[in-house]
Amino acid sequence: MKDLRDYDFLKHVKGFASAQSAIVFFIVYLIVAALLVPKFANAENLVNIVVQSSELILLACGMTFVFLNGGIDFSQIAVIALGSVIGAQIMVSGLPPAVGVPLGVLAMLCLGLAVGAVNGLAVTLLKMPSFVATMATQLVFSGAALTITRSKTIPRLPRAFGEIARGSLFGVQYPIIIALAVFAVLAFLLNRTIYGKYITSIGTNHKTAKISGLPVRLTIFSLFLISGLCAAFASIIMTARLRGGVPSLGKDMLMDVVAAVVIGGTSVAGGEGNIHGSLIGAVLVLMLNNSLNLLGVSWYNIMLCKGLLVLIISLLALWQRKRA
Amino acid sequence: MAATNRDVVLKIDGLNKNFDGVRVLRDVGFSLRKGMVLGVVGENGAGKSTLLNVLGGVYQRTSGEIELFGEKYRPREPMDATRAGIAFIHQELNLFTNLTVAENIFVDEGIRGRMFLPPKLLDRKAKTILDALAIDLDPAARVEDLTMGMRQMVEIAKAVSKDAKIIFFDEPTTSLSTSEKETLFKLIRDFAAKGISMIYISHALDDVFMLCDEVLVIRDGETVGGQVRSGAITKDEAINRMVGRKIGQIYPYVEKTVGEVLLDVKGIVRSGVLDGVSIAVRSGEIVGLFGLMGAGRTELARAIYGVDPFDSGRIEFKGRAIADPDPMLWVREKVAFITENRRDEGLLLPKTVVDNISLVNLPHMRKRLAVLDRAGQSAAAAETVSKLRIKTGDANRQIVRNLSGGNQQKVVIGKWLLIRPDLFILDEPTRGVDVGSKFDIYTYINALAASGTGVLFISSEMEELVGVCDRIAVMCGGRIAGELERAQFSSEALLKLALEK
């Protein structure tokens, strides 16, 4: 078989060049689903998939940065839940929507940064593995969200806030705009700036990077801030969609996020990866959920299919790397 | 030389190996007879290790014939080589340091083998093997507690336990002491007497000529002058064949103007390692730091550069006290450091030559908005590649892992070229590096010093320090035992200081 690298057309899609397996899978799956799944290929459904994938795109982009350093961030889902609850609390506290909504949104973003900072400090200063540090913060902050609300939903958030999920600009819904804007900024940082080179260099080898005078700890710290901030954006969109603060929001999303990043071709070992792949991976996961749902496949079997997809794509990546 | 066909154990004819279309081995041929030691010499990147890796089943040959014990031999994986009776002693030893000697000897046998015997029985079986080789090692000792030389003995015992008929040695002596080397050489002679054939790769030409029956010179993937008896060629002829040009003087010493004190280190103490070390380096001066293994040379450099901590002491640079040394601070001060461990601390192995060379200077390779100046990055790297004569494919795509040792070392040095260092600390910069690359590195160090850079040159090779340095400080037991000016240099004087207790 020919190496995917040999197909010239992929080289012209800048940035996507290192996410080939994900792209090929994406296209193949899109065609197969359009042919086999009734009601899949109509405009409304496709738009739906894209809109729904915006929060997964945000989470996957943030997670990619942490992955690039060989780490993981379990606490994203805690940011979603606690952010939803805190933002909702502020918005229903009796402030006029013109004040309450911006204040709530700001609080959610700050929470994302704060949780990211805790993770970052635990990893850089206390030298904890991110696996342990973010697992701990996930449990603590998810628990806090449930405790604050006594596990009840906070309903009836201001209509203005709900607009974040429903409104659109030139026919493009806000969640898509937010997700793509965040993606664009992060892709720029990673692929075009010195900071991006710091990240991939440090992710490849801490010791070499340190002796070469790179700001190792500061850079690693910043990765968790990015991941937390992305999770906060996701929380805003999801909370706005429900117009309610939900303490269990996002609790099943973690594996989809990891799947999206891995499908996109980012190595769990760090150093190698790309954010474009994570974008494709996120939409692919959503497409899979959606199409299998339309076919009436049970949730358990959808899980099984996602597992197989991750397995196949990882094997492809391994095989490709071995040939390189 | 009445070699009958029956005596030939390994015969190679017209062997070629390509990597991504680049020819690494070209029409290589030689034969190995029973009980013979064949020395293979050549610059780094000449293809010596690739040759052994093809024979050991790590890489597959592109074309050519290999005959082993009179039969066609085409190893697909390292296990095939092991089964065929070939053992491989690598430059970097493949031992599990957390396991015992006995466990390491039998570890490859896995579930089928003796690994599941009770430890006592395993130790006894290991002891039999070690005794047969006259190696004095406790089978129950953990490998992490052993010196490099002892570890090598374990590796050899492991090879012998598998009934190896051919043993490959790739740079076996780089980290051995003189007495450990002697033990190794005695073992190799015993093996030869028992009819085991060996291929011995080394940059230490004196060892090769003393040890090997025949010598094969490889340059740029081709054999030069064929396989010759080691008495039939002199060391100088071999060097000329290796580099393809005459190296008039291996150590190019140049006169420099020595200026004011750059680095002034006073009384560095690290409990148990450094015992009040003071040393100074002036601009334009090459200061050697000599000492035996464990004297504290590497530890001193790491303490100064802020990689390892120290308990007390004072570091001044250009007259200013450096309170809390840290690599980031030193880079801003234009002080460069090359550690002795280039793979783990000097390189980003899976990244390209350009990425590696621009690593230190990254903060300055910016356009507006911290955007990376890729064109500038490539141009700067290209300049470094030609200045240091790094042998590489397209530097934008060539992965550093696939470069030879000497070229990798040049990349590590090249990283620092772009910041124009005022002070350069080099820890064993020529270890495992071929003659040609060594010459390039010395030349570069001289050029740096001539332009006013101070150099602290750590090495365990007395010869190169004597050749290159203006002054040599000798460490012993965590202290500076003494300093010698160029006029006082002699091996005897250096060794006397290094052994002073």
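Start by selecting chain B and colouring it by domain: the assignment splits chain B into domain 1 (5-243) and domain 2 (261-499). Keep in mind as you click around that this is a predicted model.

Now drop a marker at the C-alpha centre of each domain of chain B; domain 1 and domain 2 have theirs 32 Å apart. Next, show the residues where the two domains of chain B touch: 14 residues come from domain 1 and 15 residues from domain 2. Stay on the domain 1 side and pick helix α8 (residues 235-243) of chain B, which gives the most to that side, with three residues. Try colouring this domain 1 side of chain B by residue type, and you'll get five nonpolar, seven polar and two charged.

Leave the contact and go to strand β7 (residues 166-170) of chain B. Five of its five residues are buried, so strand β7 of chain B is largely enclosed by the rest of the structure. Turn on the side chains here. In a regular strand, side chains alternate between the two faces of the sheet. In β7(B), I166(B), F168(B) and D170(B) point one way, while I167(B) and F169(B) point the other way, and all are buried.

Which strands sit beside β7(B)? Select strand β6 (residues 86-89) of chain B: four bridges join it to β7(B), and the two run parallel. Then add strand β8 (residues 197-201) of chain B, which is parallel to β7(B) too and joined to it by five bridges.

Last stop: centre on I166(B). Opposite it in β6(B) is I86(B), and its bridge partner in β8(B) is S197(B).

Definitions and conventions. Residues are numbered from 1 along each chain as its sequence is written. Chains are lettered from A and ligands numbered from 1 in the order in which they are written. This is a predicted model: local features need pLDDT of at least 70, side-chain atom pairs count only at pLDDT 80 or more; totals for chains, interfaces and linings use all residues. Domain bounds come from an automatic or database domain assignment. Two residues are in contact if their C-beta atoms, placed from the backbone, lie within 7 Å. Ala, Val, Leu, Ile, Met, Phe, Trp, Tyr, Cys and Pro count as nonpolar, Asp, Glu, Lys and Arg as charged, and the others, Gly among them, as polar. A residue is buried if 20 or more other C-beta atoms lie within 10 Å of its own, exposed if 12 or fewer, and partly exposed in between; C-beta atoms are placed from the backbone. Two strands pair if DSSP finds at least two bridges between them.
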